[in-house]
Amino acid sequence: MHFHQHGYVSEDPRTQRARGHGLDRPTELPEETDVLIVGSGPAGMIAAAQLAQYPEVDVRIIEQRPGRLEIGQADGIQARSVETFQAFGFADEVIAEAYHITEMCFWKPDPDNPEHIIRTSRTPDDPTGVSEFPHLIVNQARVLDYFAEFARRSPGRITPDYGVQFLGLEVQEEGERPVVVRVKHTAGPRAGEERTVCAKYVIGCDGARSGVRRAIGRKLEGDAANHAWGVMDVLANTDFPDLRTKCAISSRHGSILHIPREGGHLVRMYVDLGEVPADDEHRVRQTSIEEIIDRANRILTPYTLDVRSVAWHSVYEVGHRLTDHFDDVDDAERGTRCPRVFITGDACHTHSAKAGQGMNVSLQDGFNIAWKLGQVVSGRSPQALLDTYSAERQEIAKNLIDFDREWSTLMATPADQLPDPSYLEDFYVKTAEFPAGFMTQYRPSLVTASVASGSRQELAEGFPVGKRFKSVRANRRCDAFPVHIGHETVADGRWRLYVFADAAHPAAEDSGARALSDWLVGSPDSPFVRHRREGEDFSAQIEPVVVYQQEHTDFEITDVPAAFRPRVGALGLEYWDRVYASLPGEDAFSERGISRDGAVVVVRPDQYVAGVFALDDVAGLAGYFDGVLV
């Protein structure tokens, strides 16, 4: 954690100094704002947390509920989300209180007695080691609490305005804040009052029945729901031996996806309620909790489930639906006007809960649009950056729906109707990287470089352009402390410039990393010079990181050139913590297929690789940042 750069800090260093709109922030929802976020679910709260790092941007988040969420409906936390939590500073806390999924057990009918189920296999949850982060189960409400805490402690001091209902919006053709939003106070002294709030931009994070989506004319389209599941969080006693292990259970009486919850006792069960007739008209949603428990007991035969308490339950019908765009601009208008309204999460893509993707994908939606809005509204990036949100996230949602359709269908298929006895287990292992959140790969765009724009993937094969930056361990030179270099970055809106140095000694005149440093510090074409505002730190918009091939005993920290020891804060203190050396027996260059001639890996503020450049390709670096920074 980085602090003291402005002077001695004796209180909690996680609370940053209030700046900009974080100073004297109005307690009441004002009539005007820069960005209005509608909904305080996962996408809304991560967007608020990220935008709180842009104190120049005035942000309000409204929520119809009178207070915080108490019972979460989406609780599976995939490894990519935990990686994201690390950037927001609370991964360790979530890991400590969560249930950890380490394996999945598969139960099927006993061939000798098909009315009974038996365990047929155990499958490791992450058989290929796709991530150093765990797969977790924790109450969604706790995740939202952590994002809320981060937003409160950030310079923008953003807090939700509870008890405010979204009614509608209109995008006007002119005006500094052209989005006119109608809202109604539903709690507090102003309950019942309707009013308008004018904003530059609106982010709709208001769920599957999104009013923001309807207001911009987008529609969820796709498969009609044809299968129903009862879901319940229960405290129970049972003779079923895998109560505290994730299970896929298939019996003659239906299927259960069984997921233990945090705390040692709570479990969640998705109970198969069967096919839904076309003329059902949602009557299946009236299925009682007693019926769900009864069906669960039949599926679990010969075991019994004695439910002692029901924390929450619901019935839902599986439907796979998607909007054609995630903003308010149609294809014919793209490039002629700036999108003003964006939708995220269930507002633009719906699917089953079987793959545990709802909250996880929504988080990445919110992360993606938030840093882009922060850059644009603060005047640091061109408005064209906002067009990349829908282009990037709509394709990812489509891939998710295709995956979920296959997985949820398999979960509801009787074991004797699958192609072979291990088909479900094999599918689970084969596709592990997708539900873990690591298959996302953005196409070339303004913000993701291509071969045509100079990107050289062959120089760093382990950092695929468009995919998230997969961290690697190195030795921090200043204190000889081994760290995951990707875990050291913070969701503060900055790009990262990871310089993997050539083999020359850091102090050598022929060092390619030294030559690059000289250009970064001294050239008017350097993004650190060209795009830095007067009075800002050298690393205010781009954080420089260097990894040397030498071990930490082979060079001094003072041998490292100036770009990688930037002066920061009011006191102009040199910052040494982003200089790394090779770890014996765990060489980052070998681990990630990095050329011994060196490479520069540019990483976006949301942790995705934006491009790979040669050490001496300063024109390529300058060209990339000229496109994304003003």
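This passage walks through the domains, sheets and a few local backbone features of a predicted model.

The chain falls into three parts, and two of them are assembled from separate stretches of sequence. Domain 1 covers 20–70, 140–222 and 321–431, while domain 2 is made of 99–133 and 224–317. Domain 3 takes in residues 451–628.

A good place to begin is the meeting of domain 1 with domain 3. The centres of these two domains, taken over C-alpha atoms, are separated by 32 Å. To their contact, domain 1 contributes 17 residues and domain 3 contributes 14 residues. Together the two domains bury an area of about 1200 Å², and carbon and sulfur atoms supply 44% of that area. On the domain 1 side, the residues that lose the most area to domain 3 are F367, W371 and R380, which together account for 44% of what that side buries.

Polar groups also take part in this interface. Between domain 1 and domain 3 there are 3 salt bridges, and 8 residue pairs are in polar contact across the interface, with both residues of each pair at pLDDT 80 or more. Helix α7, residues 358–377, gives the largest share of the domain 1 side that touches domain 3, namely 6 residues. In a salt bridge of the model, the side chains of R604 and E392 come together with an N to O distance of 2.7 Å.

Turning to the sheets, one open sheet contains 7 strands with mixed pairing, and their order is β22-β21-β27-β24-β23-β28-β29. Strands β22 (481–484) and β29 (609–613) are at its edges; each has a single partner strand, so one side of each has no neighbour in the sheet. From one strand to the next, the twist averages 30°. Further in, β24 (residues 542–551) and β27 (residues 579–582) run parallel and are joined by 3 bridges. Within this part of the sheet, E551 stands opposite S582 of β27. Helix α13, residues 618–628, packs on the sheet and touches β23 (495–500), β24, β28 (599–603) and β29. The direction of α13 makes about 170° with that of β23.

Another open sheet has 3 strands, ordered β3-β7-β4, with antiparallel pairing. Here the edge positions belong to β3 (76–77) and β4 (99–101), and because each has a single partner strand, one side of each is left without a neighbour in the sheet. Strand β4 is joined by 3 bridges to β7, residues 135–137, and the two run antiparallel. One pairing to look for in the structure is that of I101 with H135, its bridge partner in β7.

Two backbone details round off the description. The peptide bond joining T301 and P302 is cis, with omega at about 20°. P302 sits in the loop that connects α6 (289–300) and β17 (305–317). At H4, phi has a positive value near 80°, in a residue other than glycine. H4 is found in the segment before β1 (32–38).

Terms used: Residues numbered from 1 in each chain as written. Predicted model: local features only at pLDDT ≥ 70, side-chain atom pairs only at ≥ 80, totals over all residues. Heavy atoms only, no water. Pairing = 2+ DSSP bridges. Helix = DSSP H or I, 4+ residues; strand = E, 2+ residues; numbered from the N terminus. Axes fitted to C-alpha atoms, helices over the stretch in contact; angles between N-to-C directions. Contact = heavy atoms within 4.5 Å. Domains from an automatic or database assignment. Buried area = accessible area lost by both parts, 1.4 Å probe. Salt bridge = Lys/Arg side-chain N within 4 Å of Asp/Glu carboxyl O. Polar contact = N/O pair within 3.5 Å; in protein donor to acceptor, adjacent residues only side chain to side chain.
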